[in-house]
Each structure stands twice: as structure tokens, then as C-alpha cells.
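Colleague: I would like to learn how to read the packing, the strands and the cysteines in a model like this one. Could we take them one by one?

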Amino acid sequence: MLAKMSKSKVIVWGDCILDRYWFGQTSRISPEAPVPIVNVDNENYRLGGAANVAMNLASLGMDVTFVSAIGDDANGKIIKELLEKSNISFSGLKIKDFKTITKLRIYSYGQQMIRADFEDSNFRIEKEAIYDHIKSLFPENHFLVISDYDKGCINSSQEVINEAKKHGLKVITDPKGKSYEKYRGTNYITPNMKEFTDFVGSFDCEDKLHKALKIFLENINSDGIILTMSEKGILFYDKDHYHQVPADVKEDVYDVTGAGDVVVACFVRSLSEGKSPLDSVKIANKVAGISVGHIGNYVAKKEDMVLDD
């Protein structure tokens, strides 16, 4: 058993993304093409992808070690600076010929005009580069969060999950892709509806959805599935019961970016405080409702995680 600490320690392993935002005003159409001209007057940088999960966990008071890959470039340097400002320990790889994954979003009057992605779609991290390294971190941690954006950083995940559980870590996975085999054995998995149908196929009624959840959970050998369903909230299945948690949105929905990351972070933080999985799902659902009322990735706060009476 791990010794008791003042706050639980968590490893976040996944694809690191730098989110760049340009903001400006639009008043005319370009003479070169039928597109609006945005006069950019403000820009900022935010942690995205798995780094957003790490930032949320750190904001909620957890001791976070982040394992990922960044490039030896200007955007990689910005990511390291943002991680440091958020009190997140970076224990990943800086790869010379790798281009740091970056997403540029241009906004005008609160509306996203376009997004440009900068990434190497063929990148896949080598097993030898990550397995022994991440395994060495297990004795000092309580949780492992796998945040898979299918950008190449998640490799040999089955071996990592098995080794983490041998060390007593709880494993929570936010999946991506067409195959769930690589997540077998994770304690909890948090797909959205699109990701879940990618795994199991489509269904046309609630009974078939429940049956699909049951079969999926048996096949993946997990304790529970947290299915995020956008405006329908979260459906939590824990082998014995189906718990429908209605969406808790008190503001207009501006941006769903990062809402899934908020769910993962708040669920893990609540578990670390000794709350039940169901109560942890309810808290995560509440904070996700807050997050969609903001443009860009919302960073959860401790005061958000109080359930209304």
C-alpha cells in the first residue's frame, strides 16, 4: 500500500497539444476569396489534449506528473513553460525531429472562424522509449490517467495498465480510435457517444445501448464505463446498475472543447478524496456543465466540485 500523503499523486500519460487562440474583429470580406478578414488584436496559448487533463488535476490540488512527447521547437518550449506555471512535473520526451502538436483557432465576436492543425500524422512513439520510463513512476503514485487523442503517444498501453495495477494504481482511460483492446483492464473508461459507437457499432434504442454497455464492460474487464452523452448528460454503468445523470448546464453552451477532459479530472479528484464512483460521476457532470459555458478549455476549480443540495 502507498503511504498516505496530503494529496494524491497522479500520472497523466497521453498526447500533448498546444492550443493557440487568435482573437479579433471582422468587418469585411477578403477581396482575394469569399472569406472574412479577422483583424487579430489578441492571442494566447493554452495547454490542450492530455496536458489539459493534467492542468485540471493540478488546479484541483493533485500532485501531477505528465508523460508525453513534445518537439525540440518553439511550441514545445511554450508547453514546458505553461506546465511549469501550472505546477505540473513534465517527465516526458523531447524529440528532435518531432513537431509539437499545435491547434490554432481564430475567433471573432465569440465565434470560431477556422482551425488550423500542425502535426505529424505518422508519428508513433516507440515502446522502448516509454514503457520502462513510465513504469519507474508507479511506486510513488496513486492514479494513472491515460488520455488518448490518437496522436501517437500511447503505445504498449496494455502492458502499462497491467503493470500500474500491480503497483496498486487506479487506471482511468479516456479512449480514442476504433479498437478498445489496448485499454483492457482499465478500472474506468470515459468514452463519448461517438467513441463508444466506434467501438461497438450503432444502436437504435435504450435497451440495445444498455446491452452494448454490458457486453463492452465484460470484454474490456473494467469496473465501470462513464459514457458522456452531450446534452443528455452521463450514463454510468458499473456492472450492477445503469445510472443516468442528467446534464447540469446553467449557462448558454459556447464551446464543448475540453469538456471530456474536465469529466476525467473531476472524476479522478473525487475518487482520490474517497467519494464513491457514482458521486464522483455526478460531480464531474456538474463541472462539465460549467465548462461548456466558456470559450476554449475551461480549468476546473475546487469550488466547482460541490454538489447542490
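**Reading the core, the sheet and the cysteines**

Modeller: Start with one residue and its contacts that are remote in sequence. Beyond the neighbours within four places in sequence, Val12 contacts Ala50, Val53, Ala54, Leu57, Val64, Thr65, Phe66, Val67 and Val145. Keep in mind that this is a predicted model.

Colleague: Which residues touch the most other members of the largest nonpolar core?

Modeller: The general idea is that nonpolar side chains tend to be buried together in soluble globular proteins. Here the largest nonpolar core has 45 residues, and Val12, Leu57, Val64 and Phe66 touch the most other members. Helix H7, residues 259-272, supplies the largest share of this core, with eight residues. There is also a second, separate core of 23 residues, and its members include Val67, Ile146, Ile161 and Leu169.

Colleague: What is the order of the strands in the open sheet?

Modeller: Read a sheet from one edge to the other. The nine strands run E6-E4-E1-E10-E11-E12-E13-E14-E15, and their pairing is mixed. Strand E6 (89-90) and strand E15 (242-245) are the edge strands, each pairing on one side only. For a single pair, take strand E12 (residues 188-189) and strand E13 (residues 224-228), which are parallel and joined over two bridges. In that pair, Ile189 stands opposite Ile225 of E13.

Colleague: How many disulfides does the structure hold?

Modeller: Judge this by the distance between cysteine sulfurs; the cut-off is 2.5 Å. The structure holds zero disulfides. For Cys16, the nearest cysteine sulfur belongs to Cys153 and is 7.9 Å away. For Cys266, the nearest is the sulfur of Cys16, at 20 Å.

Colleague: Is Cys16 buried or exposed?

Modeller: Compare relative accessibility with the cut-off: buried means under 20%. Cys16 has 1% relative accessibility, so it counts as buried. Cys266 is buried too, because its relative accessible area is 0%.

Colleague: Now a polar residue. Where does Gln158 lie, and which residues does Gln158 contact?

Modeller: Place the residue first, then follow its side chain. Gln158 is part of helix H4, residues 157-166. With 22% relative accessibility, Gln158 counts as partly exposed. Apart from neighbours within four places in sequence, Gln158 is in contact with Glu181, Lys182 and Arg184. The Gln158 side chain reaches the backbone oxygen of Arg184 at 2.7 Å. As for Phe138, 20 residues away along the chain, its C-alpha atom is separated from that of Gln158 by 15 Å.

Key. Residues are numbered from 1 along each chain as its sequence is written. This is a predicted model: local features need pLDDT of at least 70, side-chain atom pairs count only at pLDDT 80 or more; totals for chains, interfaces and linings use all residues. Side-chain values use heavy atoms; hydrogens and water are left out. A nonpolar core is a set of buried Ala, Val, Leu, Ile, Met, Phe, Trp, Tyr and Cys residues joined through side-chain atoms within 4.5 Å. Buried means under 20% relative accessible area, exposed over 50%, partly exposed in between (1.4 Å probe, protein chains only). Helices (H or I, at least four residues) and strands (E, at least two) are DSSP runs, numbered from the N terminus. Contact means heavy atoms within 4.5 Å. Two strands pair if DSSP finds at least two bridges between them. A polar contact is a pair of N or O atoms within 3.5 Å; within protein, one must be able to donate a hydrogen and the other to accept it, and residues adjacent in sequence count only if both atoms are side-chain atoms.
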